[in-house]
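Me: I'd like to learn how to read pockets and helix packing off a model. Can you walk me through one?

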Amino acid sequence: KGGGEMLRKYDDNDLLAKLFLLFNALLHGATGGYLLLTENVAFQSDTYFAMAMLFSLDAWGCVFVVVGVLFIAATFHEGHFKQWLSVIAGTIGGIMFGLYAMAAAELAVNMMVPMRYAIIASFNALIALVGGHELWKRRS
């Protein structure tokens with residue numbers, strides 16, 4: 001029983017969806033880990049300084065890591081639980097990356113980095129909406 005058998009049980013759309021959730025989980029986890037493990041990051045750029053004005057970068061890091069864990073759990077669960085995880089992680093992740101985008105835009109030299117964070121925030125919100133829509137469909 002190799003990895004090929006495991007991949008055969010997924011259709012292309014399901015596999016791509018799982019890969020996207022896993023990518024999103026790793027993105028949040030890496031962001032959170034960076035904020036938690038890098039000392040004096042608030043003094044490295046205007047973005048991190050602006051973020052630290054909202055709440056501590058350790059708090060930012062913890063929230064990003066938790067969202068990453070929720071996305072990992074959503075990747076490997078199905079049904080009702082997956083939808084709830086998607087709603088919670090997508091909502092919190094969307095808000096966090098939205099705030100990150102605003103902090104990055106505050107003193108940005110160009111808008112490329114804030115735009116990236118805004119796109120990530122938008123996709124997190126989309127994940128939350130899709131999860132919520134699936135929950136609503138099951139309820140109806």
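Reply: Sure, pockets come first. A pocket here is an open set of grid points with protein on both sides within 12 Å along at least five of seven lines. Its volume is the space filled by probe spheres set on the points. Keep in mind that this is a predicted model.

Me: What volume does the second largest pocket have, then?

Reply: About 180 Å³. The lining is made of 13 residues, and T47, A104, A108, V109 and V113 are the closest to the centre. Helices α3, α5 and α6 each give two or more residues to that lining. By class, the second largest pocket is lined by 9 nonpolar, 3 polar and 1 charged residues.

Me: And what about the largest pocket: how do I read its volume and its lining?

Reply: Here's the general idea: rolling a probe the size of a water molecule over the atoms shows where empty space is left. In this case the largest pocket comes out at about 380 Å³. It has 16 lining residues, with A17, L21, K82, S86 and V130 closest to the centre. The elements giving two or more residues to the lining are α2, α5 and α6 (112-139).

Me: Which element gives the most to the lining of the largest pocket?

Reply: That's α6, with 7 residues. As for chemistry, the lining of the largest pocket splits into 7 nonpolar, 4 polar and 5 charged residues.

Me: T47 turned up by the second largest pocket. Which residues of α3 are buried?

Reply: To read that, take buried as under 20% relative accessible area. In α3, which covers residues 46-54, T47, Y48 and M51 are buried. Look down the axis of α3 and its buried residues fall within an arc of 90°, so they line one face of the helix.

Me: Which elements do the buried residues of α3 pack against?

Reply: Three helices: α2 (12-37), α4 (57-75) and α5 (79-106).

Me: Let's zoom out. How many helices and strands are there?

Reply: There are 6 helices and 0 strands, so to read the pattern along the sequence you just get α-α-α-α-α-α. The C-alpha trace spans about 50 × 40 × 25 Å along its principal axes.

Me: What percentage of the residues count as buried?

Reply: Of the 140 residues, 35% do. The protein exposes about 8600 Å², with carbon and sulfur atoms supplying 69% of that area. For contacts with a separation of 6 or more, 67% come from residues 24 or more positions apart.

Notes
Residues are numbered from 1 along each chain as its sequence is written. This is a predicted model: local features need pLDDT of at least 70, side-chain atom pairs count only at pLDDT 80 or more; totals for chains, interfaces and linings use all residues. Side-chain values use heavy atoms; hydrogens and water are left out. Buried means under 20% relative accessible area, exposed over 50%, partly exposed in between (1.4 Å probe, protein chains only). Helices (H or I, at least four residues) and strands (E, at least two) are DSSP runs, numbered from the N terminus. The arc is that of the directions from the helix axis to the C-beta atoms. Contact means heavy atoms within 4.5 Å. On a 1 Å grid over the protein atoms alone, a cavity is a set of points where a 1.4 Å probe fits but cannot get out, and a pocket is an open set with protein on both sides within 12 Å along at least five of seven lines; lining residues have an atom within 4 Å of a point. Ala, Val, Leu, Ile, Met, Phe, Trp, Tyr, Cys and Pro count as nonpolar, Asp, Glu, Lys and Arg as charged, and the others, Gly among them, as polar. Accessible areas come from the Shrake-Rupley method with a 1.4 Å probe; for residues, only the protein chains shown count as cover.
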